[in-house]
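Please open the model in your viewer and keep the sequence panel at hand. The tour below proceeds by selection, with a short account of what each selection shows.

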Amino acid sequence: MAQARASTASNSSAGATGDFPPFSQRHLLSIADLQQHEIIQLLDRAEAMVPISRQERKTHPTLSGKTQINLFFEPSTRTQASFEIAGKRLGALVMNMSVKTSSVSKGETLIDTAATLNAMRPDVIVVRHSAAGAVELLSQKVGCAVINAGDGAHEHPTQALLDALTIRNHKGRISGLTVAICGDIANSRVVRSNLLLLGALNVRTRVIAPRNLLPAGIENLATEVFTDMREGLAGADVVMMLRLQHERAQGRMIPSVREYYHFYGLDAEKLGYAKPDAIVMHPGPMNRGVEIDPAIADGPASVITDQVEMGVAVRMAVLDALLSSGDAS
């Protein structure tokens, strides 16, 4: 399987999209909207994008003439930068819209903003919003492709895709692995997207958190649920740590950061319960010394910087998949 993927990446890096069938989705709003073969197609397409980012001239004119608007209602550094770099590497004209200085901060509604942007005839709008469902609402009001870059505590589909690509590259496969996700499960949009994607790819998923950070119904998404970190990490192939989401906590927090780190912070002792070749992931930004020991974050098991690189490749792949067919114009 790894050999087949390598062949696909080699063949398609020259033409960027020529070897892939048309993508059937108009938008990327939720992992739940994707079939297994569509997830795999996006991962394969992203793998084909990696060589473009690693070559000296990091551009390919696939999306030349296309216009991309990054509309972020919440602060973001790596996701917004990643989408901007992805669009520019494919030749798109990219505009970052600052909501704080826009009419939205003066009382304009999301629907008004959608109508205004739609009149500018963009080809794709990348949206991050604090309210779950806001991105889907906007997608109903515009005539272009829309990508969900995170909506509240609901979903973050491109993060799940880049996590899956990172896992596949380091483990050679995804199906059959055991992935343990630990931390602020209740307030993380990363968790839902990852559980949906990994479940679709036949992964054994575990979530680990204190009881007040486990949302109702989580057992319907994860294979197993743990409140003891050592039990949850036992035999895991992948350990994914999550940031404490203070901005979305709504009172469901831990007594103290020190106590949280003692029971749920990833250190060498706790990581020792996972498999010897387990990899450590984190969607960022990290709270060092809160959810993860700096020695682990920077250690040999960490693939956190690889996640950042794969993030650009995945976002290139998503933009390419939605726009290269010319349907979303």
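Select arginine 78 and display the residues around it. Leaving aside neighbours within four places in sequence, arginine 78 is in contact with Pro283, Gly284, Pro285 and Val308. The structure is a predicted model, and every contact described here is computed from it. Arginine 78 lies in helix α3, which covers residues 78-89. Is this residue buried or exposed? Arginine 78 is partly exposed, because its relative accessible area of 38% falls between the limits of 20% and 50%.

Next, select glutamine 159, which is placed in helix α6. With residues up to four places away in sequence not counted, glutamine 159 touches Val190, Pro283, Gln307 and Arg315. Its relative accessible area is 5%, and glutamine 159 therefore counts as buried, the limit being under 20%.

Now extend the selection to Arg78, Thr79, Arg128, His156, Gln159, Gly284 and Pro285. The unreviewed UniProt entry lists these residues under "binding site". Where do they lie with respect to the largest pocket? The lining of that pocket takes in Arg78, Thr79, Arg128, His156, Gln159, Gly284 and Pro285.

Turn then to the sheet by selecting strands β5 to β9. This open sheet has 5 strands in the order β7-β6-β5-β8-β9, and their pairing is parallel. Its edge strands are β7, at residues 224-226, and β9, at residues 279-281; each of them pairs on one side only. Between neighbouring strands of the sheet, the average turn is 20°, with direction ignored.

Keep the sheet displayed and add helix α6, residues 157-171. Helix α6 packs on the sheet and touches β5 (178-182), β8 (238-241) and β9. The direction of helix α6 makes about 165° with that of β9.

For a closer view of one edge, select β6 and β7. Strand β6 spans residues 204-208 and is joined to β7 by 3 bridges, the two strands running parallel. Within this pair, isoleucine 208 stands opposite phenylalanine 226 of β7.

Finally, clear the selection and display the whole chain. The chain contains 12 helices and 9 strands. Of its 329 residues, 56% count as buried. The accessible surface of the chain comes to about 13,600 Å², and 50% of this belongs to carbon and sulfur atoms. Among contacts between residues at least 6 apart in sequence, 74% join residues at least 24 apart.

Key. Residues are numbered from 1 along each chain as its sequence is written. This is a predicted model: local features need pLDDT of at least 70, side-chain atom pairs count only at pLDDT 80 or more; totals for chains, interfaces and linings use all residues. Side-chain values use heavy atoms; hydrogens and water are left out. Two strands pair if DSSP finds at least two bridges between them. Helices (H or I, at least four residues) and strands (E, at least two) are DSSP runs, numbered from the N terminus. Axes are lines fitted to C-alpha atoms, for helices over the stretch in contact, and angles run from 0 to 180 degrees between N-to-C directions. Contact means heavy atoms within 4.5 Å. UniProt positions are given in the numbering used here, feature names are shortened, and annotations may be inferred rather than shown by experiment. On a 1 Å grid over the protein atoms alone, a cavity is a set of points where a 1.4 Å probe fits but cannot get out, and a pocket is an open set with protein on both sides within 12 Å along at least five of seven lines; lining residues have an atom within 4 Å of a point. Buried means under 20% relative accessible area, exposed over 50%, partly exposed in between (1.4 Å probe, protein chains only). Accessible areas come from the Shrake-Rupley method with a 1.4 Å probe; for residues, only the protein chains shown count as cover.
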